[in-house]
Amino acid sequence: MSRLKLWNLWFLVLLVSGCSLYQPFVDRRRNAGAEEGKLYVGQSRPEAPVVCYNGWVTKFDELQKMADAECVKHQTGDYAEPVEQDVFTCRLLTPAAWKFKCVKKEEAERTDQ
């Protein structure tokens with residue numbers, strides 16, 4: 001195979017996979033068949049979602065929506081409150097992570113008063 005064909009093939013693979021490589025995701029990996037205490041391998045927990053992202057292509061609003069959806073899905077809160085931002089804790093092309101905590105509306109109203 002010539003170098004030109006090899007470069008074209010490499011470029012095509014990179015182009016096709018490039019869109020999905022930068023998409024944010026909730027870092028919730030599961031350890032299949034594990035007991036309850038060691039169930040989750042990723043950083044994210046039902047009450048504290050962690051969203052990995054690439055800061056060049058993802059806005060914070062999208063991360064907030066993903067974290068809010070995780071809190072509602074696991075019934076651990078009504079919305080997610082940002083806690084901390086980390087860098088270089090996720091994958092190579094999505095290196096940054098926002099850590100959230102799930103909050104119920106009643107708890108937030110009590111602390112505001």
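The paragraphs below lead through a predicted model, from its confidence to its core, its salt bridges, its surface and its loops.

Because the model is predicted, local features are taken where pLDDT is at least 70 and side-chain atom pairs count only at pLDDT 80 or more, whereas totals for chains, interfaces and linings use all residues. Residues are numbered from 1 along each chain as its sequence is written, and side-chain values use heavy atoms, with hydrogens and water left out. The mean pLDDT (the predictor's confidence in each residue, from 0 to 100) is 80 for the protein, and 73% of its residues reach 70 or more. Helices and strands are here DSSP runs numbered from the N terminus, with H or I and at least four residues for a helix, and E and at least two for a strand. Among these elements, confidence is highest in helix H2, at a mean of 94, and lowest in helix H3 (residues 105-112), at 66.

The interior is a suitable place to begin. The largest nonpolar core (a set of buried Ala, Val, Leu, Ile, Met, Phe, Trp, Tyr and Cys residues joined through side-chain atoms within 4.5 Å) has 11 residues: Val-26, Val-51, Tyr-53, Leu-63, Ala-67, Cys-71, Ala-80, Ala-96, Trp-98, Phe-100 and Cys-102. Strand E2, helix H2 and strand E4 (96-103) each give two or more residues to this core, and the largest share, 4 residues, comes from E4. Ala-67 shows how core members meet: apart from neighbours within four places in sequence, Ala-67 is in contact (heavy atoms within 4.5 Å) with Pro-49, Val-51, Ala-80 and Phe-100.

Beside these core residues stands Thr-58, which is placed in the loop between strand E2 (50-53) and helix H2 (60-73). Thr-58 counts as buried because its relative accessibility is 8%, where buried means under 20% relative accessible area, exposed over 50%, and partly exposed in between (1.4 Å probe, protein chains only). Outside the four places on either side in sequence, its contacts are Tyr-22, Pro-24, Tyr-53 and Leu-63, and of these Tyr-53 and Leu-63 are among the core residues.

Charged side chains add another set of links. Side chains of opposite charge can pair when their charged atoms come close. The structure holds 3 salt bridges, each being a side-chain nitrogen of Lys or Arg within 4 Å of a carboxyl oxygen of Asp or Glu. One of them joins Lys-73 to Glu-70, with the closest N and O atoms 3.4 Å apart, and both residues lie in helix H2, 3 residues apart, about one turn of the helix. The two partners differ in their surroundings, since Lys-73 is exposed at 55% relative accessibility, whereas Glu-70 is buried at 11%.

Another salt bridge is formed by the side chains of Glu-81 and Lys-101, at 3.9 Å from N to O. Glu-81 lies in strand E3 (residues 79-87) and Lys-101 in strand E4, so this pair ties together parts that are 20 residues apart in sequence. Glu-81 is partly exposed at 30% relative accessibility, and Lys-101 is likewise partly exposed, at 40%. Asp-86 and Lys-99 form a salt bridge with their closest N and O atoms 3.0 Å apart; Asp-86 belongs to strand E3 and Lys-99 to strand E4, so the pair ties together parts that are 13 residues apart in sequence. Here Asp-86 is buried, at 15% relative accessibility, while Lys-99 is partly exposed, with a relative accessible area of 25%.

On the surface, Leu-21, Tyr-22, Trp-56, Val-57, Leu-92 and Leu-93 make a nonpolar patch of about 700 Å². Such patches are made of residues with over 30% relative accessible area and no salt bridge, with like charges joined within 9 Å and nonpolar side chains (Val, Leu, Ile, Met, Phe, Trp, Tyr) within 5 Å, the areas coming from the Shrake-Rupley method with a 1.4 Å probe and, for residues, only the protein chains shown counting as cover. Tyr-22, which lies in the loop between helix H1 (3-21) and strand E1 (25-26), is partly exposed, with a relative accessible area of 33%, and also touches the buried Thr-58.

Finally, two loop residues deserve a look at their backbone. Most residues other than glycine have a negative phi. Gln-75, however, has a positive phi of about 55°; Gln-75 is placed in the loop between H2 and E3 and is exposed at 67% relative accessibility. Phe-88 likewise has a positive phi, of about 65°, in the loop between E3 and E4, and is exposed at 71%.
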